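Trainee: Could you walk me through reading a protein model, one feature at a time? I would like the general idea and then the case at hand.

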Amino acid sequence: MASKKVLSISINGGGALGIGPLAFMTRLEQDIGKSLSKTSVAFSGTSTGAIIAACFNEGMSAHDIFDLYKNNLKKIFTKTPYYKRILPKQPKYDNKNLISLLKTNLSGKIDEWDKPIFITTTRMNSISVEKIWDIDDKNVDKWFAVLTSVSAPTYFDVIEKDGFSYCDGGMWANDPIAVLQSGLQNTKYKNKTKILSFDTGMTKINTSKGNKTLIGWASYLLSNWIARTGLSNYHFVTSNIGKENVFRCSPVVGKEYDMDDISEETVQTVIKIWTEYYESVREDLLKWLKE
C-alpha cells in the first residue's frame, strides 16, 4: 500500500495581488474545517508569497493573513515623498511600514520555526545570486528574511546587511515550487508530499511577438519571465513527484493587474476572481486533498 501523502504549500510573488489566493484559502479552510497552517507540513514563498508562507509557519490561519493584508495594503504601499522620487535610483515606495508590519508579526529567528520553510531572495553581490533562506540559517531574523524576498526592484529599497545587497526573490524564482520540492528531499517528507501551488499573478495569454528594441526586450523579459510564474518549475516538479501530487491554482484572466494597484475596485475584483475560481475547482480540490 502506498504511504500517505502530506500537504505542503507554495505561493509565488505578486505584491498586493496576494490577497486573491488568501481569499481562496479562506474558503478552503472553511470547507475542511482546519487552518492550512496546521494541515500543512512545509511552505515556500517568494515576495508576497514569502509573507504568506511565513505567517502560516507562525500558526496564523488564511483568514488571519487575509485580514492582515486587507488592513495594511495602503500602509505597505506608502509612496516615497515626492522630493525623493525625483532621484533616479529612488524606489517608488517607502518600506518603513512594511518593516514594522513584518517585525510585529514575525518575531524570532528562522531556525525557531518548527516546520520546513523556503524563502527565496536575490543576493545581488555574491558568487551566486540565488539565495534561499531556510531553517538551517542560524540567527537570521524571520522578518529580515521575508523583507529581502519582498524588496521588488523599483518598488522598494534594496536591503543591505553584512556587505550583501538583497532584492526580490522573484528575480530568479517567482514560482518557488521547485525550491520547495527539492528542499524537502533532505527532510523526512522526501517523496511523501503533495504540493498546493498558487500563481498569485494569475494566468493571462501572452500576445507579444516579433523583434524588439533593447528596451522592448527588457520590458518583455521583466513582465513575461521575471514577474510571471510560467510553467517550467511546475513541469520540473510534476516530472519528479507526478502530476497527481500537484494542484496548481491559477485563474485565467483577460487583463494584467499591477502588483501595486491597491484601489478598492481592483482589490475587490481580485478577491471576486479568486472566490469564483475556488467554486469552480472546489470539488476537484477537496477530492485531491482527501486522496
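Mentor: Below we go through the core, the helix contacts and a few single residues. Keep in mind that this is a predicted model.

Trainee: Happy to start with the core. Which residues have the most contacts inside the largest nonpolar core?

Mentor: The general idea comes first: in soluble globular proteins, nonpolar side chains tend to be buried together. Here the largest nonpolar core holds 67 residues, and Phe-24, Met-25, Val-146, Leu-196 and Phe-198 have the most contacts inside it. Helix 12, residues 264-290, supplies the largest share of this core, with 11 residues. There is also a second, separate core of 14 residues, with Ala-42, Ile-177, Ile-195 and Ile-241 included in it.

Trainee: Let me pick Val-146. What is Val-146 in contact with, leaving aside neighbours within four places in sequence?

Mentor: Its partners are Ala-50, Ile-51, Ala-54, Leu-102, Leu-106 and Ile-119. Val-146 is also one of the buried residues of helix 7.

Trainee: How many residues of helix 7 are buried?

Mentor: Nine of its nine, across residues 142-150, so the helix is mostly covered. Even Lys-142, Thr-148 and Ser-149 are among the buried residues.

Trainee: Now helix packing. Which residues of helix 6 and helix 7 make their contact?

Mentor: A general point helps: an α-helix has 3.6 residues a turn, so residues three or four places apart point the same way. In this model, Leu-98, Ile-99, Leu-102 and Lys-103 of helix 6 meet Trp-143, Val-146, Leu-147 and Val-150 of helix 7. Seven of these contact residues are nonpolar, none is polar and one is charged. The two axes come within 9 Å and cross at roughly 145 degrees, and the crossing is right-handed.

Trainee: And how are helix 4 and helix 6 oriented, roughly parallel or roughly antiparallel?

Mentor: Look at the angle between the axes. Helix 4 (residues 62-76) and helix 6 (residues 96-105) cross at roughly 150 degrees, with axes that come within 9 Å. Angles over 145 degrees count as roughly antiparallel, and therefore helix 4 and helix 6 are roughly antiparallel to each other. Their crossing is right-handed. On the helix 4 side the contact uses Leu-68, Asn-72, Lys-75 and Ile-76, and on the helix 6 side Asn-97, Leu-98, Leu-101 and Asn-105. That contact divides into four nonpolar, three polar and one charged residue.

Trainee: Turning to single residues, is Ser-10 buried or exposed?

Mentor: Ser-10 is buried, with a relative accessible area of 0%. It sits in strand 1, residues 6-11. Beyond residues up to four places away in sequence, Ser-10 touches several others, including Ser-44, Asp-175, Ile-195 and Phe-198.

Trainee: Where is Lys-92 found?

Mentor: Lys-92 is in the loop between helix 5 and helix 6. At 33% relative accessible area, Lys-92 is partly exposed. Its contacts include Arg-85, Tyr-155 and Asp-260.

Trainee: One last feature, backbone angles. What is the phi of Asn-139?

Mentor: Most residues other than glycine have a negative phi, and most peptide bonds are trans. Asn-139, however, has a positive phi of about 60 degrees. Asn-139 lies in the loop between strand 4 and helix 7 and counts as exposed at 62% relative accessibility. Asp-162 also has a positive phi, near 50 degrees. Asp-162 is in the loop between strand 5 and strand 6, and its relative accessible area of 68% makes it exposed.

Technical notes: Residues are numbered from 1 along each chain as its sequence is written. This is a predicted model: local features need pLDDT of at least 70, side-chain atom pairs count only at pLDDT 80 or more; totals for chains, interfaces and linings use all residues. Side-chain values use heavy atoms; hydrogens and water are left out. A nonpolar core is a set of buried Ala, Val, Leu, Ile, Met, Phe, Trp, Tyr and Cys residues joined through side-chain atoms within 4.5 Å. Buried means under 20% relative accessible area, exposed over 50%, partly exposed in between (1.4 Å probe, protein chains only). Helices (H or I, at least four residues) and strands (E, at least two) are DSSP runs, numbered from the N terminus. Contact means heavy atoms within 4.5 Å. Axes are lines fitted to C-alpha atoms, for helices over the stretch in contact, and angles run from 0 to 180 degrees between N-to-C directions. Angles under 35 degrees count as roughly parallel, over 145 as roughly antiparallel, 65 to 115 as roughly perpendicular and the rest as oblique. A crossing is left-handed if the near helix is turned anticlockwise from the far one by less than a right angle, and right-handed if clockwise. Ala, Val, Leu, Ile, Met, Phe, Trp, Tyr, Cys and Pro count as nonpolar, Asp, Glu, Lys and Arg as charged, and the others, Gly among them, as polar.
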